[in-house]
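Colleague: I would like to learn how to read a model of this kind, feature by feature. Could you take me through the sheets, the helices and the ligand site in turn?

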Amino acid sequence: MRTKIIGTGSCLPQTVVTNDDLSKIMDTSDEWISSRTGIKERRLAKEETTATMSIEASRRAMENANVSAQEIDLIIVATVTSDHITPSTSCEIQAAIGADRAVAFDINAACSGFLFALSIADAYLKLGTFKTALILGAETLSRIMDWSDRSTCVLFGDGAGAAIVRADSAGLLAYDQGSAGARGMVLSCLNRRNNNPLVKNPTDIQYVHMDGQEVYKFAVTTVPVSIKKALDEAGVNIEDIDYFALHQANIRIIQAVAKRLKVPEDKFPISLDHCGNISAASVPILLDEMNRNGLLKPGMKIVLAGFGGGLTWGSAVIEW
Ligand code: COA
């Protein structure tokens, strides 16, 4: 039995914010952002929330997979920006789509979250506990950015991506995952206030803080090794991979990973130019764009890879 992605969906906020738009509210430029990151524009949520975008992405994935709400046994949302601590985004989706039979919970593995959600769903499906799962990566990162820190806030965007997975004869061939908590503070968001009356809170609330160069080094060294491990586990040669759908953090990271793997860059589809980095949502949104643009054909072999906060990383080899 294998866990197969049978449908995808995504949802981006309405509001497009270009690099030029950002240059009107902070000291930056299209030239600086484009040349260092490949990002041209991103969508930022105004009316939309993590839940509303997730619900729309879920509906689109269900339609794409031709799966009804009653068929869904499991809903997992990977996010660091759920609208509330509880109810979880997954429970809000369950209520909105009417998936009454489903078990629903959120997970936090930052930008690797969708890969981790896929591996959890795979474990449940392999055990035979569940047959059909709805998995998402969804973020409203604009809520947790430090908009006075130009080196970080220009990189991120908002959106949600969803996939329906089901037990099948083909699908997920192998995966590799890892975490390095000891290096976690190079990408942090410490904005939770303590409401205990015995504890004094810090006066300033902290939002996303990143040591960009350390994160860059982590990504370009860890991701190629992880992808190779997943390929070895799957028994698949790198030359036989049709596409590498990587977390969309930075074009330079993707180019460096392609170089280290000795794979042509045109096998690495890109959405970061119009989405920016949407953490857990990057990989499923990219996959949905590939699916809807007709890039994916049955039998193709694809590598998915996520990496980021925690630190965490995950790679998967799938047969479409
Ligand atoms: N616009 C204009 N100038 C900016 C700027 C911006 N948005 N952000 C930073 N700068 C300036 C800095 O102040 C610095 O100026 P100085 O030399 O006068 O001090 C200069 O640009 C270089 O800053 P630096 O931080 O050294 O740039 P960099 O070459 O390391 O690039 C990143 C910064 C963030 C693009 C790069 O480190 C990176 O891509 N890291 C990976 C981040 C990532 O992908 N994180 C998510 C992983 S999930």
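**Reading the sheets, a helix and the ligand site**

Modeller: Let us begin with a sheet, keeping in mind that this is a predicted model. Five strands make up an open sheet whose order is 1-7-6-4-5, and their pairing is mixed. At its edges are strand 1 (2–11) and strand 5 (103–107), each of which pairs on one side only. On average, neighbouring strands of this sheet are turned by 20° against each other, with direction ignored.

Colleague: How should I read the pairing itself, and how many bridges join strand 1 to strand 7?

Modeller: The general idea is that strands of a sheet pair through backbone hydrogen bonds, either parallel or antiparallel. Here strand 1 and strand 7 (residues 158–168) run antiparallel and are joined by nine bridges. To find your place along this pair, look for Ser10, whose bridge partner in strand 7 is Gly161.

Colleague: Which strands does helix 4 lie across, and which does helix 10 lie across?

Modeller: Helix 4 (residues 89–97) lies across strand 4 (74–78), strand 5 and strand 6 (132–140), and runs at about 135° to strand 4. Helix 10 (residues 282–292), for its part, lies across strand 1, strand 6 and strand 7, at about 90° to strand 1.

Colleague: Why can strand 12 be called largely enclosed by the rest of the structure?

Modeller: The reasoning rests on burial, which here means under 20% relative accessible area. Seven of the eight residues of strand 12 are buried, and therefore the strand is largely enclosed by the rest of the structure. Strand 12 (301–308) pairs with strand 11 in the parallel sense over four bridges, and one of the pairs to look for is Tyr243 with its bridge partner Ile302 in strand 12. With strand 13 (residues 312–319), strand 12 pairs in the antiparallel sense over eight bridges, and Ala305 stands opposite Ser315 in strand 13. The hairpin of strand 12 and strand 13 has three residues between the strands, and in this hairpin Gly310 takes a positive phi near 135°.

Colleague: Turning to a helix, which residues of helix 8 are buried, and what covers them?

Modeller: In helix 8 (residues 251–261), the buried residues are Ile251, Ile253, Ile254, Ala256, Val257, Ala258 and Leu261. Their cover includes helix 2 (30–37), helix 7 (212–234), strand 11 (243–246), helix 9 (272–275) and strand 12. It is also worth reading the two ends of a helix. Asn250 caps the N-terminal end of helix 8, with a side-chain oxygen 2.6 Å from the backbone nitrogen of Arg252, while the residue that follows helix 8 is Lys262, whose phi is positive, near 60°.

Colleague: And at the ligand site, which residues come nearest to the ligand?

Modeller: There are 21 residues around the ligand, of which Thr28, Arg150, Gly212, Gln213 and Asn250 come nearest. For the polar contacts, we look at individual atom pairs. A polar backbone atom of Gly212 is 2.9 Å from a nitrogen atom of the ligand, an N or O atom in the side chain of Gln213 is 2.9 Å from a ligand oxygen atom, and a polar side-chain atom of Asn250 lies 2.5 Å from an oxygen atom of the ligand. On its own the ligand has 970 Å² of accessible area, and the protein covers 70% of this. Helix 2, helix 6 (150–153), helix 7 and strand 12 are the elements that give two or more residues to the shell around the ligand, and the largest share, four residues, comes from helix 7.

Methods
Residues numbered from 1 in each chain as written. Predicted model: local features only at pLDDT ≥ 70, side-chain atom pairs only at ≥ 80, totals over all residues. Heavy atoms only, no water. Buried < 20%, exposed > 50% of the residue type's maximum accessible area, 1.4 Å probe, protein only. Contact = heavy atoms within 4.5 Å. Polar contact = N/O pair within 3.5 Å; in protein donor to acceptor, adjacent residues only side chain to side chain. Pairing = 2+ DSSP bridges. Axes fitted to C-alpha atoms, helices over the stretch in contact; angles between N-to-C directions. Near = heavy atom within 4 Å. Areas by Shrake-Rupley, 256 points an atom, 1.4 Å probe, with all protein chains shown as cover.
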